[in-house]
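Student: Hey, got a minute to go through this one with me? I'd like to start with the big picture and then zoom in.

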Amino acid sequence: VDYVEWFADWGEYTNLPTVANKAPSIPKYFQPYITAFSCLHRDRINTTDGISYIPFAAMIEYMQWANIEDQEAFSDILQAMDNVYVKKITDKRNKQMKRQKRKIK
């Protein structure tokens with residue numbers, strides 16, 4: 001969860017050395033999920049209504065490509081990570097919209 005929230009805060013800047021140094025430590029056993037999440041993040045559809053979840057079809061395609069054996073468990077974890085990410089981004093967006101409305105008044 002810490003990594004997903006960090007990723008939501010920094011977005012495209014996560015590859016910058018100064019930002020990457022602030023990333024939370026990730027246990028080795030969890031690295032495949034982080035790799036999948038980072039790759040699949042690009043498959044989202046962003047609309048004027050906000051950010052979407054990672055498409056399930058993209059998860060399936062990734063798991064087949066990566067030869068993931070327990071696809072049900074793997075997708076459950078990815079979806080849980082995605083729920084945290086979407087909530088964080090949505091909350092952040094809503095706060096920004098509230099601030100903008102206050103400035104307009």
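Tutor: Sure. One cut-off before we start: a residue is called buried when its relative accessible area is under 20%. Also keep in mind that this is a predicted model.

Student: OK, so what share of the residues in the chain is buried?
Tutor: Of the 105 residues in the chain, 29% are buried.

Student: And how many helices and strands are there?
Tutor: The chain has five helices and zero strands. Read from the N terminus, the order of elements is α-α-α-α-α.

Student: What box do the C-alpha atoms fill?
Tutor: Along the principal axes, roughly 55 × 30 × 20 Å. As for contacts between residues at least 6 apart in sequence, 54% of them join residues at least 24 apart.

Student: Let's do helix packing. At what angle do helix 1 and helix 3 cross?
Tutor: Roughly 25 degrees, with the axes of helix 1 (residues 2-10) and helix 3 coming within 11 Å. Angles under 35 degrees count as roughly parallel, so helix 1 and helix 3 are roughly parallel to each other. Their crossing is right-handed.

Student: Which residues make that contact?
Tutor: Helix 1 brings Tyr3, Val4 and Phe7, and helix 3 brings Ile34, Phe37 and Ser38. By class, the contact of helix 1 with helix 3 has five nonpolar residues, one polar and no charged ones.

Student: Now helix 3 against helix 4. Parallel or oblique?
Tutor: Oblique. The axes of helix 3 (residues 31-40) and helix 4 (residues 56-65) cross at roughly 130 degrees and come within 11 Å. That angle is why helix 3 and helix 4 count as oblique to each other. The crossing of helix 3 and helix 4 is right-handed.

Student: What meets what there?
Tutor: From helix 3, Thr35, Ala36, Cys39 and Leu40 meet Ala58, Met59 and Tyr62 of helix 4. Sorted by class, the contact of helix 3 with helix 4 holds six nonpolar residues, one polar and no charged.

Student: Sticking with helix 4, which residues are buried?
Tutor: Ala58, Met59, Tyr62 and Met63 are buried in helix 4. They sit on the same side of helix 4, because they cover an arc of only 135 degrees around the axis.

Student: And which exposed residues are on the face turned away from that buried side?
Tutor: Ala57, Glu61 and Trp65 are the exposed residues on that face of helix 4.

Student: What follows helix 4? Anything odd in the backbone?
Tutor: Look at Asn67, which comes after helix 4 and has a positive phi, near 55 degrees. Most residues other than glycine have a negative phi. Asn67 has its positive value although it is not a glycine.

Student: Where is Asn67 found? And is Asn67 buried or exposed?
Tutor: Asn67 is in the loop between helix 4 and helix 5 (71-104). Its relative accessibility is 63%, so Asn67 counts as exposed.

Student: Switching topics: where does Lys22 lie?
Tutor: In the loop between helix 2 (17-20) and helix 3. Lys22 counts as exposed because its relative accessibility is 55%.

Student: What does Lys22 touch?
Tutor: Leaving out residues up to four places away in sequence, Lys22 touches Trp6 and Trp10. Lys22 and Trp6 are 16 residues apart in sequence, and their C-alpha atoms are 8.5 Å apart in space.

Technical notes:
Residues numbered from 1 in each chain as written. Predicted model: local features only at pLDDT ≥ 70, side-chain atom pairs only at ≥ 80, totals over all residues. Heavy atoms only, no water. Axes fitted to C-alpha atoms, helices over the stretch in contact; angles between N-to-C directions. Helix = DSSP H or I, 4+ residues; strand = E, 2+ residues; numbered from the N terminus. Parallel < 35°, antiparallel > 145°, perpendicular 65-115°, else oblique. Left-handed = near helix turned anticlockwise from the far one by under 90°. Contact = heavy atoms within 4.5 Å. Nonpolar A, V, L, I, M, F, W, Y, C, P; charged D, E, K, R; others polar. Buried < 20%, exposed > 50% of the residue type's maximum accessible area, 1.4 Å probe, protein only. Arc of directions from axis to C-beta.
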